[in-house]
Amino acid sequence: VHAMAPAPWTGQSVPSLLTGLFPDTVRADAWGSRLPEEVSTLAELTAAAGYRTLLWSRHPFYSYQKDLLRGFTEVHIERSGAADLLPAADLLFSDSAPTFALVHLIPPHAPYSPPPPFRGLLTSGYRGSTPVEPRFLNRFPDRQDPRELSPDDLEYIKNRYLENAVFADSLIAKILDMAEARGRYEGSLIGLVSDHGEAFLEHGHFLHGRKLYREFLHVPMILKWPANAFDPRPVIEEPVSLVDLVPTLVDGLALEPSNGFQGRSLLPLALDEARHESPVYALTRGAPDRRNPPRPGFMLLSDGWKIIQDPLAQSSALFHISDDPGERQILTAEEPLRALLLRQSLLRQRSYNRSRFTGDKGGEPTVEMDEKTAAELQALGYL
């Protein structure tokens, strides 16, 4: 499907992905934000249905975001080891019990340092000296005019990312091979998603977190249903959001739903029973640079039009995505009424999200960040 993340960075996107609710609804703002008590995670929903629930990750995020561990009976956070370390087959498939397993890999996330044979697959001919450490890429537009970067340097950075993406594909293939070898592939529902996109100066920025353009939000979302479950459309063309993932899984697995999702089940679209689009909403708290604090932003995509709002500058940019998928031509002045209507829809969505849970406000960090987690997040370019 053509999916959009609800935020361009892990700290806000993953809480949304695992709850079917928007980041500001679940009060996901800073790293480790506490979720409202009324919110149910996908792990809690599957555990309530009798599933064995397992989390395996290399990402330091889960060491700090304790509320996302709700519902997991087994938690394995690997914070060291070889780059190609994966959960063992005996861990993923310990018995014949129905299992919900969340495996969160770090690649293709920066710093783009895959092991051989992936390292150099596309960059062996580069003779420049541009580094690809996240801190360099995140701060590049603040230290140097991006236009000073040579075409060879930019191609090198993109190709290092693609090498890391191929490495990530190989890790996924190994997990699928494990399932096949254990006789669990055909009967399993398997989902593959990414929690944010990646930018390469399309709008003057590297990596992710800062802005809400397509390159920051566009992500893969692939679902492989159990054999003979039904015959879905191979591709859903309509724009969808990662907040649709949990409602789709709950619908497809006949789980008991929580107290209401903001995403929608994609099964009617997959079964060709509905072909209408729903608005896609996203936000970011922004990413700081050396001179400025995080700068928030909000986005709404509806009927081929997209608006990005900067609340601090009280400005907005309107794009006609159908004609301008690269979001190059701002049409706010040419389409003032359309921009006004989309701004109003965006404000209504924001207001509703803030009022959704009025009891436990959430939002405060669950634990104090330790030095090791802070160092790991800094190495990933977040701090």
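Visitor: How many salt bridges does the count come to?
Guide: Keep in mind that this is a predicted model. Side chains of opposite charge can pair when their charged atoms come close. Here a pair counts if a side-chain nitrogen of Lys or Arg lies within 4 Å of a carboxyl oxygen of Asp or Glu. By that rule, the count is eight.

Visitor: Let's take one of them. Is Arg70, the partner of Asp67, buried or exposed?
Guide: Asp67 and Arg70 form a salt bridge, with their closest N and O atoms 3.3 Å apart. Buried means under 20% relative accessible area. Asp67 passes with 11%. Arg70 has 19%, so the word for Arg70 is buried.

Visitor: How many residues apart in sequence are Asp310 and Arg295?
Guide: These two form a salt bridge too, and their closest N and O atoms are 2.8 Å apart. Asp310 sits in strand β13 (residues 305-310), while Arg295 is in the loop between β11 and β12, so the pair ties together parts whose separation in sequence is 15 residues.

Visitor: And which label does Arg295 get for its accessibility?
Guide: Its partner Asp310, at 17%, counts as buried. The label buried needs a value under 20%, and exposed needs one over 50%. Arg295 has 38%, so Arg295 is partly exposed.

Visitor: Where is Glu327, the residue that meets Lys306 in a salt bridge?
Guide: The N to O distance for this pair is 2.9 Å. Lys306 is buried at 3% relative accessibility, and Glu327 is buried at 4%. The pair links distant parts of the chain, 21 residues apart: Lys306 is in strand β13, and Glu327 is in the loop between β14 (315-320) and α10 (336-355).

Visitor: On to strand β11: which residues point the other way from Val280, Ala282 and Thr284?
Guide: In a regular strand the side chains alternate between the two faces of the sheet. Strand β11 covers residues 280-284, and five of its five residues are buried. With Val280, Ala282 and Thr284 pointing one way, the ones pointing the other way are Tyr281 and Leu283.

Visitor: Which residue in β12 stands opposite Val280?
Guide: Strands β11 and β12 (residues 297-302) run antiparallel, joined by five bridges. Across from Val280 in β12 is Leu301.

Visitor: Which strands stand at the edges of the open sheet with β1?
Guide: Three strands make up this sheet, in the order β8-β1-β10, with mixed pairing. Strand β1 (residues 2-4) pairs with β8 in the antiparallel sense over two bridges, and Met4 faces His218 there. Each edge strand has a single partner, so one side is left without a neighbour in the sheet; these strands are β8 (218-219) and β10 (239-241).

Definitions and conventions: Residues are numbered from 1 along each chain as its sequence is written. This is a predicted model: local features need pLDDT of at least 70, side-chain atom pairs count only at pLDDT 80 or more; totals for chains, interfaces and linings use all residues. Side-chain values use heavy atoms; hydrogens and water are left out. Two strands pair if DSSP finds at least two bridges between them. Helices (H or I, at least four residues) and strands (E, at least two) are DSSP runs, numbered from the N terminus. Buried means under 20% relative accessible area, exposed over 50%, partly exposed in between (1.4 Å probe, protein chains only).
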